[in-house]
Amino acid sequence: MPLFVWTNHMSVGVKLLDNDHKRLVILINQLHDGLMMGRAKPALDRVFEDLVSYTRVHHSHEEQLLVETGFQGSAMHKQEHEYTLERAVELQMRFKSSEGLGAELGVVSHLRNWLFRHIHGSDQEFVSHFKAKGIDAILATRKTLDGMEPAKEPRVMQGVW
């Protein structure tokens, strides 16, 4: 059973951002599953690196769309992203230096709670704004988002979605 299960209630109504969130959920679940299966620490460190790296990509997607559509809270949302990225890097260092399953699981649980709060909290503030702007229709006309391929639907894992 995955630690973190995506539900439609978590959707922000923008396929690109929902796919980003799903990918982050997958990475958190990979960390958790790897710990529970006793995977080697270097492999889990690489998964954590992927999580931090993709968090940067996701934040960039959100910030670009918020600015492009004229969302009034875009500067505040960017500040939140900067703070959460700093915390993610701190958690990554804590994870790398931890020497016990309990501490490692605590870090992964913290990541899960952070992402859940972020999606259900501050991300919900721009849902109606994006709907009013027709953001999915705007994105559908583009091949790339600022030189980056839009995130594709994450592959299904263990019946999570």
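**Exercise 1.** Which residues does Leu115 touch, not counting residues up to four places away in sequence?

*Solution.* This is a predicted model. Start at Leu115 and skip its sequence neighbours up to four places away. The residues it touches are then Phe4, His21, Leu24, Val25 and Ile28. Next, place Leu115 in its setting. The largest nonpolar core has 25 residues, and Leu115 is among those that touch the most other members. Ile28, Leu31, Phe48, Leu51, Phe95 and Leu111 share that role. Helices α1 (15-36), α2 (41-68), α3 and α4 each give two or more residues to this core. Another core, of 12 residues, lies apart from it, and includes Val14, Phe71, Ile135 and Leu139.

**Exercise 2.** Work out how α3 and α4 are oriented to each other.

*Solution.* Take the helices: α3 spans residues 74-97 and α4 spans residues 101-120. Read the angle: about 170 degrees, with the axes 10 Å apart. Apply the cut-off: angles over 145 degrees count as roughly antiparallel. Therefore α3 and α4 are roughly antiparallel. Their crossing is left-handed. Now list the contact. From α3 come residues including His77, Arg87 and Phe95; they meet a set in α4 that includes Glu104, Leu111 and Trp114. Sorted by class, this contact has six nonpolar, five polar and four charged residues.

**Exercise 3.** Decide whether Leu35 is buried or exposed, and find its contacts.

*Solution.* Locate Leu35: helix α1. Its relative accessible area is 7%. Buried means under 20%, so Leu35 is buried. Leave aside neighbours within four places in sequence; Leu35 then contacts Leu44, Phe95, Leu101, Glu104, Leu105 and Val108. Finally, check Glu104: it is 69 residues from Leu35 along the chain, yet their C-alpha atoms are separated by 7.7 Å.

Conventions:
Residues numbered from 1 in each chain as written. Predicted model: local features only at pLDDT ≥ 70, side-chain atom pairs only at ≥ 80, totals over all residues. Heavy atoms only, no water. Axes fitted to C-alpha atoms, helices over the stretch in contact; angles between N-to-C directions. Helix = DSSP H or I, 4+ residues; strand = E, 2+ residues; numbered from the N terminus. Parallel < 35°, antiparallel > 145°, perpendicular 65-115°, else oblique. Left-handed = near helix turned anticlockwise from the far one by under 90°. Contact = heavy atoms within 4.5 Å. Nonpolar A, V, L, I, M, F, W, Y, C, P; charged D, E, K, R; others polar. Core = buried A, V, L, I, M, F, W, Y, C linked by side-chain atoms within 4.5 Å. Buried < 20%, exposed > 50% of the residue type's maximum accessible area, 1.4 Å probe, protein only.
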